[in-house]
Amino acid sequence: MPEGDRPPGAGARGKSGLSAADREEQYVTVRGLRLHVVTCGRGSPLLLINGIGANLDMWAPFVEHLDGRRVILFDAPGTGKSGTPGLPLSMYQLAGVVADLLDAVGEDAVDVLGFSYGSALAQQFARRHPARVRRLVLAAATYGIGAVPGRASFLLASPSRYYSERLFR
């Protein structure tokens, strides 16, 4: 695509599909785990946390449109180019890994966007390290494994769920 035909904020794509502008790819070791980390852009820091099994490339189309942000992406332990732990990590332990990762890239407080399983990790991170989270965005989040909404009537496939006062009592 010719340079002038790109959407605003879309830079030249790097090898992983992320904008090549100010892109830094590195490996950091935290808690004995070798993590693949990419940072790009400049400005207010935004940490993006993937869904389960996804690598940081899933964010490429989104990142291309972020201007004025320093974006921090990483492959969670056991995914992408990051190392695999000897034993599964609890959500509590993973939140500690995220805190140490931010230390390694020199950020004290960030905005956090978690997608799917990454939204659960983002919540645990915010709970464990509230001073490090300025804003929290949860995308494709769930209300808990095995949980159901307070009233089964919310599961209706009818449009009445949007305007019926009876369903919201």
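How much space lies in the largest pocket?

**View 1. The largest pocket and its lining.** About 280 Å³ of space lies in this pocket. This is a predicted model, where local features need pLDDT of at least 70, side-chain atom pairs count only at pLDDT 80 or more, and totals for chains, interfaces and linings use all residues. A pocket here is an open set of points on a 1 Å grid over the protein atoms alone, where a 1.4 Å probe fits, with protein on both sides within 12 Å along at least five of seven lines; lining residues have an atom within 4 Å of a point. The volume is the space filled by probe spheres set on the points. Of the 19 lining residues, Ala 76, Pro 77, Thr 79, Leu 94 and Tyr 117 lie nearest the centre. Sorted by class, the lining has twelve nonpolar, seven polar and no charged residues.

**View 2. Helix H3, residues 117–128.** H3 gives the pocket lining its largest share, three residues. Helices are DSSP runs (H or I, at least four residues), and strands are E runs of at least two. Buried along H3 (under 20% relative accessible area, 1.4 Å probe, protein chains only) are Gly 118, Ser 119, Leu 121, Ala 122, Gln 124, Phe 125 and Ala 126.

**View 3. Asp 67 in its loop.** Look for Asp 67 between helix H1 (60–63) and strand E4 (69–74); residues are numbered from 1 along each chain as its sequence is written, and side-chain values use heavy atoms, leaving out hydrogens and water. Asp 67 counts as exposed because its relative accessibility is 56%, and exposed means over 50%. Gly 43 is 24 residues away in sequence, yet 8.2 Å away in space, C-alpha to C-alpha.

Definitions and conventions. Nonpolar A, V, L, I, M, F, W, Y, C, P; charged D, E, K, R; others polar.
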